[in-house]
Amino acid sequence: EKGYETGEHAPGLKLGGCGAYKAAHHIIKTHAKVWHSYNSTWRREQRGMVGISLTSAWGEPVDPHSQPDRDAAERYIQFHLGWFANPIYRGDYPEVMKNYVGKKSAQQGLGTSRLPTFSVQEKTYIKGTSDFLGIGHFTTRYVLQKSFPFLQVSSYHTDPDLAELVDPNWPAPGPKWLYSVPWGFRRLLNFIKTQYGNPLIYVTENGVSETMQCSQLCDEWRIQYLKGYINEILKALNDGVNVKGYTAWSLLDKFEWNKGFSERFGLYHIDFKNKKKPRYPKASVDYYKKIISANGFPNPREVMS
């Protein structure tokens, strides 16, 4: 979406309304081809696994008693996670995605939907092409129904007819988009369990960045973030969600998309101005080491069920 819709990321194309959908369509088909290639050529010998890693926030209805808000929250998650996961686990794009993009395309006077379609053969070929689901998750949004004017140029952002809100009380230690909302992770994991037949899950990315330009090694807020989110994964495990592993994002400060080196997710601080790029452990390193060595929280009284 940022590479082919808004042009913020490489390759910097602004193909409003259709670029992101076309790119995703190719990614899904290519992923399936790789899975089948491995399955037929290497699996018997290597006994490995091939999956896909998808990053998604959680969408919570602003008013849980409002049907329009609940429907908008459903669209939010389907337009994010379901966009890729639904074809892989259920054989096609989410119905709500097909309906909304199709409706908006017709209103624009287009003969076909801006959301590409899979042939019957492609649906069969794509469905089931994941031995595990990798999940990247960072934050949550409140979601409500919002209709966009017909005259407005439709895009991936306006197609689902929704607006996103945040709670000003949510901690936001890093960039403006990343609020710490641990309970959203448990809900996302349970959604995956229900929606896609409880697949094997590896958490491939979860963490928080800092934007302050200093070697701040006392990152207590990162410790609280990790504690909160890992605790919600443990709750999801108790719910029966099939989470097999967890990876904190990230080991080191690094080059972060179009933010360059200004946004730091690392457990280790890197002095990028020094030619040798020395690494300094932040306080979260010691905390995370204890979690790893205990394979859980060293002190169970730290957390609540």
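## A pair across two strands

E60 stands opposite Y142 in β4. Keep that little pairing in mind as you look around this predicted model, since E60 will turn up again. The strands β2 and β4 (residues 140-145) run in the parallel sense and are joined over four bridges. Another match of this kind links G59 with R141, its bridge partner in β4.

If strand pairing is new to you, here's the basic idea. Strands of a sheet pair through backbone hydrogen bonds, and they can do so in a parallel or an antiparallel way.

## The three-stranded sheet

Now zoom out a bit. What is the order of the strands in this open sheet of three? Reading across, you get β2-β4-β5, and the pairing is mixed. The parallel part is the β2 and β4 pair, while β4 and β5 go together in the antiparallel sense, again over four bridges. For an example from that antiparallel pair, find Q145 and look for L162, its bridge partner in β5.

β2 (58-61) and β5 are the edge strands, each pairing on one side only. The sheet isn't flat, either: on average, neighbouring strands are turned by 40° against each other, direction ignored.

## Helices lying across it

Which helices lie across strands of this sheet? One of them is α3, which lies across β2, β4 and β5 and runs at about 130° to β4. Another is helix α6 (residues 183-195), lying across β2 and β4 and running at about 100° to β2.

## A salt bridge from helix to strand

Here's where E60 comes back. Side chains of opposite charge can pair when their charged atoms come close. In this model, E60 forms a salt bridge with R187, with the closest N and O atoms 2.5 Å apart. Why does this pair tie together parts that are apart in sequence? R187 sits in helix α6 and E60 in strand β2, so the contact links parts that are 127 residues apart along the chain.

That salt bridge has company: a search of the whole structure turns up 19 of them.

## The four-stranded sheet

There's another open sheet to find, this one with four strands in the order β1-β3-β6-β7 and parallel pairing. β1 and β7 are at the edges with a single partner strand each, so one side of each has no neighbour in the sheet. From one strand to the next, the twist averages 30°.

Look at the middle of that order for a good example of pairing. Strand β3 (residues 133-136) and strand β6 (residues 201-205) run parallel and are joined by four bridges. Within this pair, G136 stands opposite E205 in β6. A helix packs on this sheet too: α7 touches β6 and β7, and its direction makes about 165° with that of β7.

## The largest pocket

How many residues line the largest pocket? The count is 46, and E1, K2, H9, T55 and H80 lie nearest its centre. The pocket's volume is about 1900 Å³. Elements giving two or more residues to its lining are α1 (19-41), β1 (52-55), α3 (67-90) and β5 (162-165). The largest share comes from α3, with seven residues. You've met that helix already, lying across β2, β4 and β5.

What is the lining made of? Sorted by class, it has 24 nonpolar, ten polar and twelve charged residues.

## The second largest pocket

The second largest pocket holds about 290 Å³ of space. It has 13 lining residues, and those closest to its centre are I230, Y246, I291, N295 and G296. Here α7 (220-238), β7 (243-246) and α8 (283-294) each give two or more residues to the lining. That brings back α7 and β7, which touch each other where the helix packs on the four-stranded sheet. By class, the lining has nine nonpolar, three polar and one charged residues.

## Some backbone oddities

A few spots in the backbone are worth a look. Where do you find cis peptide bonds? One joins A10 and P11, with omega about 5°, and P11 belongs to the segment before α1. Another runs from W249 to S250, with omega near 5°.

S250 lies in the loop between β7 and β8 (268-270), and that loop is also the place of W257. W257 has a phi near 50°, a positive value in a residue other than glycine.

Definitions and conventions. Residues are numbered from 1 along each chain as its sequence is written. This is a predicted model: local features need pLDDT of at least 70, side-chain atom pairs count only at pLDDT 80 or more; totals for chains, interfaces and linings use all residues. Side-chain values use heavy atoms; hydrogens and water are left out. On a 1 Å grid over the protein atoms alone, a cavity is a set of points where a 1.4 Å probe fits but cannot get out, and a pocket is an open set with protein on both sides within 12 Å along at least five of seven lines; lining residues have an atom within 4 Å of a point. Grid points are joined across faces, edges and corners, and a volume is the space filled by probe spheres set on the points. Ala, Val, Leu, Ile, Met, Phe, Trp, Tyr, Cys and Pro count as nonpolar, Asp, Glu, Lys and Arg as charged, and the others, Gly among them, as polar. Two strands pair if DSSP finds at least two bridges between them. Axes are lines fitted to C-alpha atoms, for helices over the stretch in contact, and angles run from 0 to 180 degrees between N-to-C directions. Contact means heavy atoms within 4.5 Å. A salt bridge is a side-chain nitrogen of Lys or Arg within 4 Å of a carboxyl oxygen of Asp or Glu.
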